[in-house]
Amino acid sequence: MMLETTIAAIRPADEAAMAAARELHGRLTKPAGSLGALEELSVRLAGLAGACPPPLPEPAAVAIFAGDHGVHAQGVSPWPQEVTAQMIGNFLAGGAVVNAFARQAGASVTVVDVGVATPLPTDPAVSDAAVSDAAVSDVAVSDAAVSDVAVSDAAVLDPAVPRLVVASVRRGTRDLTVTAALTRDEALAAVRTGIRIADELIDAGAGILLTGDMGIGNTTPAAVLIAAFTGADPLDATGRGTGVDDPTYAHKVAVVRAALARHTPDPADPLGVLAAVGGLEHAALAGLILGAAARRTPVLLDGVIAVSAALAAAAFAPAAVDAMVAGHRSAEPGATVALRHLGLDPLIDLGLRLGEGTGALLALPVVTGAVRVLHEVATFDSAGVAEK
């Protein structure tokens, strides 16, 4: 029932609040429209909150969902699968790019193992950073509640200490070129995990959620998801990921085509699409987005993994798009295809393709600035400034 209840709680943007924000912009001490895309962004956020001005989007919380992929066996990435678990260790030690950007932004970092194939370098049984939301085997999918490990709201949103949540549905997906990557129950468990993480972060006081991801080979299922939900040709939906050479790229496109031909995923059945060709981190990110939308909290999307998950979230609940802010335009071509389908314009375009939540973090000050204008800029009347 969690997914159904979450979807039922998602409502379209509040038109009255949006009108009030547009009217307020017209009275602020600046030429009308002079802040460009920031003005429409602030209007959208007012509509999401149902208030003008909307709350400042702070504190910020990054949720990095990590999983591995059976399709890695097809040679779609030159990186060994063990790097996923190793990078989790790097996140928890504070040594990744996402950590540097999160410290700059004052954002907390929560790392969620939703399906890593190899053992983590940090033992969750003894780590102070670890919380076990669910321990799920390959044959039994459980929606277990949070374990006995208690975490305060301050710890949940502590920007100084990255946090690990272990919520493994299975140790990596199956090979989507051979069979469905996940069962429907497994995909549902991952979506529910994302919803639970959204609720936990928002309950702790987060004013905006930022998507993060980690998973060697995860741009391949992302490309399949984008092609499935948008109808795009696999050549347009598939990028080079971590930087594969031309033969590997051609093979990767062929793998995406083969997966689509094998499964013929139906975009009207988003859970079925996620199960057939998605990753556990993609499904969990879709849940995070839905959970944020249900709580009328903005979610700042990162790169191609995030926007492929956003397509699934929009298929579950079209109004969820009102909670989405496109942080940046990934260098992966599928990201532009997905953003166009969602009707979202990215805030920055720096040629990034790292993932982790890095692009979303760089865009965060833009989002905060857009809202701060409505809170702090004087009107012509209050400032005694003559209008034209």
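Student: What makes strand 5 count as largely enclosed by the rest of the structure?

Tutor: This is a predicted model, and in it 7 of the 7 residues of strand 5, residues 208-214, are buried. Buried means under 20% relative accessible area. Every residue of the strand passes that cut-off, so strand 5 is largely enclosed by the rest of the structure.

Student: Which residues point which way from strand 5?

Tutor: I208, L210, G212 and M214 go one way, while L209, T211 and D213 go the other. Both sets are buried. That fits the usual pattern: in a regular strand the side chains alternate between the two faces of the sheet.

Student: How do you know that strand 1 and strand 5 pair?

Tutor: Count the bridges. Two strands pair if there are at least two bridges between them, and strand 1 (residues 60-67) has 7 with strand 5, in the parallel sense. One spot to look at is I64, which sits opposite G212 of strand 5.

Student: And what makes strand 6 a partner of strand 5?

Tutor: Again the cut-off is at least two bridges. Strand 6, residues 299-301, is joined to strand 5 by 2 bridges, and the two run parallel. Look at L210: its bridge partner in strand 6 is L300.

Student: On to helices. Why are helix 1 and helix 12 called oblique to each other?

Tutor: Helix 1 (residues 2-9) and helix 12 (residues 280-294) pack at an angle of about 45°, with axes 8 Å apart. Under 35 degrees would be roughly parallel, and roughly perpendicular runs from 65 to 115. The angle fits neither label, and therefore the two helices are oblique. Their crossing is left-handed.

Student: Which residues meet there?

Tutor: From helix 1 you have L3, T6 and A9, and from helix 12 L290, G291 and A294. Sorted by type, the residues of this contact are 4 nonpolar, 2 polar and no charged. G291 is in the contact, and Gly goes with the polar ones.

Student: Why does helix 8 with helix 10 get the oblique label too?

Tutor: The axes of helix 8 (residues 219-230) and helix 10 (residues 246-263) cross at roughly 50° and come within 9 Å. That angle is not under 35 degrees and not in the 65 to 115 range, so oblique is the word. Here the crossing is right-handed.

Student: What makes up that contact?

Tutor: Helix 8 brings T219, T220, A223, V224, A227 and A228, and helix 10 brings K252, V255, V256, A259 and L260. The split is 8 nonpolar, 2 polar and 1 charged. Lys counts as charged, and K252 is the Lys in the contact.

Notes: Residues numbered from 1 in each chain as written. Predicted model: local features only at pLDDT ≥ 70, side-chain atom pairs only at ≥ 80, totals over all residues. Heavy atoms only, no water. Buried < 20%, exposed > 50% of the residue type's maximum accessible area, 1.4 Å probe, protein only. Helix = DSSP H or I, 4+ residues; strand = E, 2+ residues; numbered from the N terminus. Axes fitted to C-alpha atoms, helices over the stretch in contact; angles between N-to-C directions. Parallel < 35°, antiparallel > 145°, perpendicular 65-115°, else oblique. Left-handed = near helix turned anticlockwise from the far one by under 90°. Contact = heavy atoms within 4.5 Å.
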